[in-house]
Every structure is written in C-alpha cells, then in structure tokens.
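Subject: A structure for you to look at

Hello,

I am handing over a structure that you have not seen before. Please open it first, and then read on with it beside you.

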Amino acid sequence: MNNKFNANNLKSLVPYFLLAVAVIIAFRVISEVGFYFSVIRHIFGIVAPFFYGFILAYILSIPRGGLEWLLKKSKVKFLVKHRRGFSILLVYLLLLLFVFLVLNLVIPAVVRSVALFIDNFPAHYANVMQFISQMELLGYSLDMDYISNAIQDWIQNFRFESVFDHIGTVIEASSAIFSGLFVLFLTLVSSIYILLEKDRFRAFLRRLIQAFTSARVYEAIAKHAESLNKNFKQYIRTQTFDGLILGTATTLWMMFMGSPYALLLGIMLGILNYIPYFGSIFGTIIAIVVIAFTQGLTTGIIVAVGLLVIQQLDANFIQPKLMGGSFSISPLLIIISITFGGAAAGIFGMIVAIPIVAVLKDVLEHAVQYHEAKSASVVSEEEKE
C-alpha cells in the first residue's frame with residue numbers, strides 16, 4: 001500500500017519536474033542568446049554569397065525567361081537547342097552593360113550634383129536662413145545662435161591629427177572592401193549555376209515535398225508556391241517599370257523648374273519606389289525640401305504641386321495598369337505588412353512584404369471558404385435528417 005502511494009506521488013511529480021527542466025533550458029537559451037545570434041551570423045556569413053546569388057538569379061530569371069522565349073521562336077536550330085545557355089549569356093551581358101552605364105553616366109552625374117551642392121552651400125545656407133526668418137514671422141523660432149556656435153565649436157575643435165586615430169578603421173574598411181568583392185564574385189558565379197540548374201532543383205524539390213507529404217498537401221503547397229513566385233515576379237516588374245516612369249517624370253519636372261539636382265532626386269525617387277506605399281512619399285518630401293532650400297520656398301511649393309500631380313497620376317492610373325489587380329490588398333493591410341516586414345528584415349523585408357502578404361491572404365481566404373463549405377454541408381445534412 002505504501003509502495004503504491006509512493007509510486008502515485010512520483011507520477012504526479014513528473015509534470016512539475018518536466019516543467020522545471022523546460023524552464024531551466026529556456027533560461028539557459030535566453031541567457032546565451034548572444035552566442036546563438038553570433039553562430040547564426042557566422043553561418044550566414046558563410047552562405048551569404050549563395051543567398052545573394054539566389055536573389056540575383058531570381059531577379060535575372062525574369063528577363064532571362066523573356067529572352068529564352070524569343071530564342072525559342074528563332075528559326076536557327078542551334079539557338080533553339082541551346083536557348084537556355086544563350087539566354088543566360090545575354091542577360092549577364094545586359095547586366096554588365098547596365099553596370100557600365102551606371103558607372104560611366106549615372107554616378108559621375110550624381111557626383112557632379114553633390115559637388116555642386118557643396119560649392120553652393122553658402123547660397124543654400126542663406127536660403128535656409130531666409131526660410132527660418134519666414135517661419136519666425138509665422139510664430140515659430142529657432143535658436144540660431146546656439147546652432148551657429150555649435151558648428152563653430154566643432155570646426156575649431158577638429159584636429160587633423162585625429163584623422164590618424166582612425167587608421168585602424170581605414171584598414172578594416174579596406175579589408176571589408178576586398179571581402180565584399182570576393183562575395184560579389186561568388187554571388188555572380190553562384191547565380192549563373194543557379195540559373196543553369198533551376199529546372200533540376202525545382203524537380204528535386206517537388207520530389208522531396210511529395211515524399212514527405214500527402215497528395216492533397218503537396219497540391220496546396222505547389223499552388224501557393226506558384227502564386228508566391230508569380231506575385232514576386234509581377235511585383236518586381238511593376239515596381240521597376242513604375243520606378244522608371246516616376247523617376248523620369250520627376251527628373252523632367254524638376255529640370256523644367258531649373259533644379260541642378262533634378263537627376264539626383266529623380267534617381268532617388270525611382271529607387272525609393274521599391275519600398276511600397278512609403279518610399280515614394282518619403283522621396284517626394286526629401287525632393288521638396290531640397291528644392292525649397294536650394295531654390296526658394298516659392299519654387300518649392302510649385303515643385304510640390306507638380307510632384308503631387310505626378311504621384312496621383314501614378315497611383316491612380318499607372319500602377320493599377322501595371323499591377324493588373326494582382327495585389328488587391330487594403331491600404332491598412334499594406335501599412336501593417338510593411339511595418340512588420342521592416343521590423344523583421346529592414347528594407348528588404350519592406351520590399352518583399354506585399355507579395356508574401358498577398359499569398360497569405362489568399363491562403364486564409366481559401367481556408368475560410370473550405371471551412372464555410374464544410375459547415376454548410378454539415379448543416380444541410382442535419383436538415384435532411
């Protein structure tokens with residue numbers, strides 16, 4: 001009897017013992033979270049070239065698919081037979097051409113704009129002071145003496161010898177540059193092989209999923225994966241074309257208004273357009289502020305009106321035509337997805353948030369429809385009985 005009582009007591013203590021072990025393990029994991037993050041960073045540093053190579057290959061697969069389709073229509077049998085290799089070669093040649101044009105045309109123009117801004121800084125500073133004086137007339141004031149004294153103190157306290165204190169930083173930066181070039185080389189090489197082996201990799205992935213899932217689960221995974229792939233490609237195409245249109249229109253409008261920084265601001269707006277919803281808004285605000293401080297408040301207001309018109313035309317006519325209804329998501333859901341995407345993975349997370357949320361929305365809708373249909377069938381059977 002006593003033995004039975006002790007056995008029952010021991011059995012009742014097992015859940016508490018397991019809970020205590022789980023708490024200890026959780027505490028150890030949390031206390032060593034820095035170690036685990038360092039391990040994850042180290043592993044990512046190893047696989048980073050292949051991760052970037054996958055992203056580059058995925059982006060380049062969009063024009064590569066179009067080039068392969070064109071080569072397939074060719075009457076030259078050699079080109080038709082080797083269309084995959086030729087399409088990859090052509091897309092990388094186009095990439096090199098794009099990089100060459102950026103390095104020889106875009107970057108020098110941007111450097112000239114920055115140099116011009118530095119040369120004309122006293123005039124821009126005078127415009128800023130004029131703007132502040134106008135704000136003071138409206139009841140707003142800034143302690144300009146404090147700001148001016150702070151700038152003068154920084155200039156007076158700056159020592160040329162302090163530059164040599166950062167030689168170690170310069171050496172580390174040089175090492176990072178060489179490391180970055182090596183990662184870039186591995187990224188390019190891995191992206192080429194990923195494009196070449198894309199069909200084999202997809203076939204193996206299908207076999208792997210089929211081996212460990214039922215036919216119904218595999219069909220659902222394949223369907224939503226294809227939808228996600230379609231959404232990503234459509235989003236990349238849309239944002240690229242829309243960014244080119246928006247950046248070009250913005251550049252032409254600011255050139256018409258006489259801004260020497262039109263190209264720089266237009267490129268900035270085109271790039272920020274990849275960040276949905278907020279990117280073009282932030283870019284437009286920056287452009288208006290730069291124009292107002294460099295050309296005066298009146299010109300800034302006129303430019304703001306023109307940019308507002310361009311933004312409205314883009315949001316209401318151009319983007320819907322390019323999207324084709326692929327991302328029918330409410331603005332609130334867009335804001336929430338961008339916020340969580342940015343918190344999870346920075347700018348990259350903000351860019352990929354919309355296609356992912358669109359697919360998750362479809363998954364939830366299908367799940368709700370399935371359970372609604374199932375509930376309706378159960379109710380109909382009960383009514384028949």
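Below is what was found in it, from the whole chain down to single residues.

Please keep in mind that this is a predicted model.

The whole chain

The protein chain holds 13 helices and zero strands. Read from the N terminus, its elements run α-α-α-α-α-α-α-α-α-α-α-α-α. The chain has 385 residues, of which 23% count as buried. It exposes about 27,000 Å², and carbon and sulfur atoms supply 73% of that area. Among the contacts with a separation of 6 or more, 69% join residues 24 or more positions apart.

Helix 8 with helix 9

A good place to begin is the pair formed by helix 8, residues 198–212, and helix 9, residues 215–256. They pack at an angle of about 145 degrees, and their axes are 10 Å apart. The crossing of helix 8 and helix 9 is right-handed. On the helix 8 side you will find Arg202, Arg206, Ile209 and Gln210, which meet Tyr218, Ile221 and Glu226 of helix 9. Sorted by class, this contact has three nonpolar residues, one polar residue and three charged residues.

Helix 9 with helix 10

Further along the chain, helix 9 also packs with helix 10, at an angle of about 155 degrees and with the axes 8 Å apart. An angle over 145 degrees counts as roughly antiparallel, so helix 9 is roughly antiparallel to helix 10. Their crossing is right-handed. From helix 9 come Gly243, Gly247, Thr250, Thr251, Met254 and Met255, and these meet Ala262, Leu263, Leu265, Gly266, Leu269 and Gly270 of helix 10. Here the residues divide into six nonpolar and six polar, with no charged residue in the contact.

Helix 10 with helix 11

Helix 10 covers residues 262–272, and it packs with helix 11, residues 279–295. What angle do these two helices make? It is about 165 degrees, with the axes 8 Å apart. Helix 10 and helix 11 are therefore roughly antiparallel to each other. This crossing, too, is right-handed. Helix 10 contributes Leu265, Met268, Leu269 and Leu272 to the contact, while helix 11 contributes Gly279, Ser280, Gly283, Thr284, Ile286, Ala287, Val290 and Ile291. By class, the contact has eight nonpolar residues, four polar residues and no charged residues.

If you look for Leu265 and Leu269 in the viewer, you will see them in the contact of helix 10 with helix 11. Leu265 and Leu269 also belong to the contact of helix 9 with helix 10.

Two residues to look up

Pro108 sits in helix 4, which spans residues 83–119. Is Pro108 buried, partly exposed or exposed? Its relative accessibility is 25%, so Pro108 counts as partly exposed. Leaving aside residues up to four places away in sequence, Pro108 touches Val102 and Leu103.

Leu70 belongs to helix 2, residues 33–72. With a relative accessible area of 51%, Leu70 is exposed; the cut-off for that class is over 50%. Leu70 and Val80 are 10 residues apart in sequence, and their C-alpha atoms are 9.3 Å apart in space.

I hope this helps you find your way around.

Best wishes

Conventions: Residues are numbered from 1 along each chain as its sequence is written. This is a predicted model: local features need pLDDT of at least 70, side-chain atom pairs count only at pLDDT 80 or more; totals for chains, interfaces and linings use all residues. Side-chain values use heavy atoms; hydrogens and water are left out. Axes are lines fitted to C-alpha atoms, for helices over the stretch in contact, and angles run from 0 to 180 degrees between N-to-C directions. Helices (H or I, at least four residues) and strands (E, at least two) are DSSP runs, numbered from the N terminus. Angles under 35 degrees count as roughly parallel, over 145 as roughly antiparallel, 65 to 115 as roughly perpendicular and the rest as oblique. A crossing is left-handed if the near helix is turned anticlockwise from the far one by less than a right angle, and right-handed if clockwise. Contact means heavy atoms within 4.5 Å. Ala, Val, Leu, Ile, Met, Phe, Trp, Tyr, Cys and Pro count as nonpolar, Asp, Glu, Lys and Arg as charged, and the others, Gly among them, as polar. Buried means under 20% relative accessible area, exposed over 50%, partly exposed in between (1.4 Å probe, protein chains only). Accessible areas come from the Shrake-Rupley method with a 1.4 Å probe; for residues, only the protein chains shown count as cover.
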